[in-house]
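Me: Please take a close look at one part of this model. I would like the sheet, its surroundings and the chain it belongs to.

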Amino acid sequence: MRRPPWESLVGDDRRRRFEAMYAQTYEPILGYAMRRCASPEDAADAVAETFAIAWRRVDVLPPDAETRLWLYGIARNVLANHRRGRVRRQSRSVELDADLADLYAYSPEGSVELGAIAQAFKELHEDDRELLSLVAWEGLDHAQLAKVLDCSRNAVRIRLHRARKRFAKALARAGVSVNRVTVESI
Amino acid sequence: MNELRQLARVRDEQLAGQASGAGARALLAAIVVEDPGTEDAGSRAPRSRRTRRLVVGLVATAALAIVAVMGPTLLERDATSYANAAIDIELRGDEYVARIKDPFADHALYAEAFQAMSLDIGMELIPASPTQVGNIVRMGFAGTTMADTLGGGLEPEGCTIGHEGCFLTVTVSKGFKGRGVFYLARPAKPGERYQASGEAGRKGEMLEGYDADGRTVGKVAAEAHRRGLRVVFQIIEPHPDGHGFSLSRDQSAKVGDHWYVWAAEPEQVGTVRLLVTEKHLRNNPVTGK
């Protein structure tokens, strides 16, 4: 049988490094995608595309401590492209779809107030939403945000301050008392 | 935990163990069959290369938490061939070649044959549209070493299943130590939904030579009906905020002839699925072009 030319590459150390990185970061990246995608299919696409891109860039994998942030950056671009209509059809596996469908079957119990908060949150510009999400959901601090967003810590501080102000305003418009929502956590 | 955190669909802690689940393993296996690090990021979907005939060496890592348990029934033997009604396997040189004689057989028959050769190989044949038949759609492995390889395709290459002498085959290296799983595309039975498909307009598919992208539902449906095909719809709904799309398979929704088609995909034998929107869009939401 014909052997493709890339067969020789599989013994490469790169693959081992990638697989170790994948084991460590699959869950946070899955979480990142699930928290931002309305459907399990979209989340599966985002996870698949993020790791496919990471594999293509395996030669520039950052040190272990930074891989999660690096992948958040890739995932963020992947989702931004999806939002711009660049849906890349991934050849998703039945297993991945099944895993995600199960995970999506769980949904947090909504209260009226949470619904209002969710609405106010949705009304924010996607950059603000992403910034606040990275803090509240991924638990990133200023230095980590600066890495993911590829900007200075000072820029992060300013953008975060503005995003929080806009969120507070949106909440006020939605009739949610602002002091109930502790956006500030760092 | 503040309210914003509660808006999160899931917390990372709730995903513990997912990395060793079937979905994660299948995705990893699909990604690393690509040639790594040679492309500009984002230039191509992994699908384009994955669907060809492949042979790949395997490496065991911590990412693959499943360990093949080699029970006493799998002790080394010197068997060089085995056959049942569904499959025959023989040792040719340094690899086992399994020819699938009945692609619709009970999967247990395939497993039985591999087990008889002391190989821990699972094989599932999944229904696929004509141009995909013979491709390894996915494969997975665990507990393997650098010396272990899995592969397969059509034999002879490019032949058509159903013609005499044409077989779906898989190959497993002699002395394969780990556990492997193949998902191989087989022809679909009438009424069976494809689990792997090529674009409907592609040569060998139902709408061969016809480009449905950007045309109205009325025009595409007329062409499909002219070819004796049934049409089902998948509705692409742009999100209200103007960013992104979601897909719905609700067949009770009324799709008008004036709606727009952005992709046509084989659904099952004799049926194409049109991905549609009500309003015209500047870019094709499926391809992004």
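Reply: Here is the sheet, followed by its chain and a contact between chains.

This is a predicted model: local features need pLDDT of at least 70, side-chain atom pairs count only at pLDDT 80 or more, and totals for chains, interfaces and linings use all residues. Residues are numbered from 1 along each chain as its sequence is written, with chains lettered from A and ligands numbered from 1 in the order in which they are written.

Four strands of chain B form an open sheet, ordered β11-β10-β13-β12. The pairing is mixed. Strands are DSSP runs of E with at least two residues, helices are runs of H or I with at least four, and both are numbered from the N terminus. Two strands pair if DSSP finds at least two bridges between them. β11 (245-248) and β12 (260-268) of chain B stand at the edges. Each has a single partner strand, so one side of each is left without a neighbour in the sheet. Neighbouring strands of this sheet are turned by 25 degrees against each other on average, direction ignored.

β12(B) pairs with β13(B), residues 271-277, in the antiparallel sense. Seven bridges join them. Within this pair, A263(B) stands opposite L275(B). Helix α5(B), residues 217-226, packs on the sheet. This helix touches β10 (230-238), β12 and β13 of chain B. A contact means C-beta atoms, placed from the backbone, within 7 Å. The direction of α5(B) makes about 175 degrees with that of β13(B). Such angles run from 0 to 180 degrees between N-to-C directions, and axes are lines fitted to C-alpha atoms, for helices over the stretch in contact.

Now the rest of the chain. Chain B has five helices and 13 strands. Of its 289 residues, 42% are buried, meaning that 20 or more other C-beta atoms, placed from the backbone, lie within 10 Å of a residue's own. Elsewhere in chain B, strand β7 (149-155) has six of its seven residues buried. β7(B) runs antiparallel to β8(B), residues 167-173, with six bridges between them. There, L154(B) has L168(B) as its bridge partner.

Last, the contact between chains. Helix α4(A), residues 94-105, packs against helix α2(B), residues 22-31, at an angle of about 145 degrees. Their axes are 7 Å apart. E95(A), L96(A), A98(A), D99(A) and L100(A) meet A22(B), G23(B), A26(B) and L27(B).

Definitions and conventions:
A residue is buried if 20 or more other C-beta atoms lie within 10 Å of its own, exposed if 12 or fewer, and partly exposed in between; C-beta atoms are placed from the backbone. Two residues are in contact if their C-beta atoms, placed from the backbone, lie within 7 Å.
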